[in-house]
Amino acid sequence: MSRTLYTFHGGVHPPEHKQESSVRPIIKSALPQQLFVPVRQHMGEPAQPCVAVGERVRKGQVIAKPDGYVSVAVHAPTSGTVTAIAAHPVPHPSGLNDTCIHIQPDGLDEWVERHATDWRDTPPSTLRNILRDMGIAGLGGAVFPTWIKLNPGRAAKVPLLLINGGECEPWITCDDLTMREHADGIVQGAAIMRHLLGAEQVVIAIEDNKPDAISAMRKAATQADYPLEIVGIPTLYPSGGAKQLIKVITGREVPSGGRSTDVGVATFNVGTTLAVHRAIHLGEPMISRVVTVTGNVHTPQNYDVLLGTPMHDLVAWAGGHVDPVSGYIMGGPMMGFDLHTVDAPVVKATNCVLVKSDALFPPAPSAQECIRCTRCADACPAELQPQALYWFARSKHFDKAQDHHLFDCIECGCCSYVCPSHIPLVHYYRYAKSEISAARQAEQAADHARERHETRLARMEREEQERAARLAQRAAAKPANDGGNSSPSDAVQAAMQRARAQQQTPNAE
Ligand code: SF4
Ligand code: SF4
């Protein structure tokens, strides 16, 4: 019996541009001359380097350890020598540099010892720690540590494991090719995730513009020793968004500000699922990922790329640009961001390097005034009022923007896509979110400073009282030199006064 599918509000049909890069198989990329491996590739705390400059490292060796709860390890993508631990350009909208471990490959590609784990005989907490130490983070874009998401916590189990093969963003085909070429590994990875979550149902959802991926996954699913459903869903951007996919498959709405587990669902990207299989069954950490290189290049293609590879290498492997380059996007045209430099390396979040030209991406016409047409609201899959958010962000009424659920915006770009006034709406939302986050951080810093000050005052008060008590004790123990007229309480008062006087005198002790 086929599953009932549901629809979400809004959505758009941008030109897909999938064909360009999906007609060729994944190529295993060559070793670059130099790798720049950022210690911050996942959401949460950056990993802490644990190697020294000049040290020889082997492929798969931990080079930075997880630091804190929301963190995962980082590994050497190949064998070679650490030449520096220093700031280097990283792919981030800010364009700022970040700490990278620079490795000069030695060409041997020599692995550390790898150990497979029998997950059926291993406690869940140990399996999750292995995934943390193997550096597994979500490859769908959020790069959240997978080991945390695979902990059902107090709920004890998450009923539905939903593997996301939507890949709705135009131009990007890395998940499509991963499903076609690694369907068995995805099925095996999903078995481990199902076990950890205690999930009763497992569904792999794939947009129906990927018929080859659907048939490869259906064939692999016949070998699964657990119930596994492969579901083709209608192609509509952004059906690959976690909340939208949950709505399509279950009909349930994730509440505002809530998580998918609030409605009994855990979602993972297909690439992450494959990485879980490799980490547990093969003992291989996350040191590479599939990246689509497309747009204004001679041979659009998917590459299995070592993390830390400079993006300019990828563009060169794809035959270089065809027309003059007008820019580079990491990700797709809807949700990606402009790269400041292709010297930045591939990281766990890099699903696509999209090379732009004016022919493929004509410069946007200048923005006009909002004409209150409400097309943006009709297209918004989060059922927000994008035009209201725009006004509040523009006028810096950030509290009102929050009241209108700014943080439910998934930055999908549907509103900007349909806006007849060509207003770059998402830019305003990103700006408002970053201003609010900065204000929250400043508030937290002020709270910490106040707490520190109050703690210091309390400590000084306590020390004063302790000192006074000591002085009083000494005074009481001494023979009276005032003719025996002062009482013990007079002695305490006198001691308190002396202590206060000492404290008010700089450098008194
Ligand atoms: S970017 Fe935000 S406001 Fe615009 S359509 Fe997407 S979710 Fe709605
Ligand atoms: S689509 Fe553009 S012009 Fe129309 S209401 Fe939204 S912001 Fe205004």
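This briefing describes the domains, one sheet with its helices, and one ligand site of the structure above. The model is a predicted one, and its chain is divided into domain 1 (19-108 + 120-292), domain 2 (293-356) and domain 3 (375-436). Ligand 2 has Cys370, Cys373, Cys376 and Cys419 among the residues that surround it.

**Domain 1 and domain 2**
- The centres of domain 1 and domain 2, taken over C-alpha atoms, are separated by 19 Å, and 49 residues of domain 1 are in contact with 42 residues of domain 2.
- Between these two domains an area of about 3,800 Å² is buried, and carbon and sulfur atoms give 62% of it.
- On the side of domain 1, the residues that lose the most area to domain 2 are Pro91, Arg289 and Val291, which together make up 17% of what that side buries.

**An open sheet**
- Strands of a sheet pair through backbone hydrogen bonds, and this pairing can be parallel or antiparallel.
- Here 4 strands form an open sheet in the order β11-β10-β9-β12, with parallel pairing.
- β11 (229-233) and β12 (265-269) are the edge strands, each pairing on one side only, and the twist from one strand to the next averages 25°.
- Strand β9 (residues 160-165) is joined to β12 by 5 bridges, and Leu160 has Val265 as its bridge partner in β12.

**Helices on the sheet**
- Helix α7 (residues 242-250) lies across β9, β10 (201-207), β11 and β12, and runs at about 115° to β9.
- Helix α8 (residues 270-282) also packs on the sheet, where it touches β9 and β12, and its direction makes about 85° with that of β12.

**Around ligand 2**
- The shell around ligand 2 consists of 6 nonpolar residues, 3 polar ones and 1 charged one.
- Other residues surrounding ligand 2 include Arg372, Thr374, Gln387 and Ser421.

Terms used. Residues numbered from 1 in each chain as written. Chains lettered and ligands numbered in written order. Predicted model: local features only at pLDDT ≥ 70, side-chain atom pairs only at ≥ 80, totals over all residues. Heavy atoms only, no water. Pairing = 2+ DSSP bridges. Helix = DSSP H or I, 4+ residues; strand = E, 2+ residues; numbered from the N terminus. Axes fitted to C-alpha atoms, helices over the stretch in contact; angles between N-to-C directions. Contact = heavy atoms within 4.5 Å. Near = heavy atom within 4 Å. Nonpolar A, V, L, I, M, F, W, Y, C, P; charged D, E, K, R; others polar. Domains from an automatic or database assignment. Buried area = accessible area lost by both parts, 1.4 Å probe.
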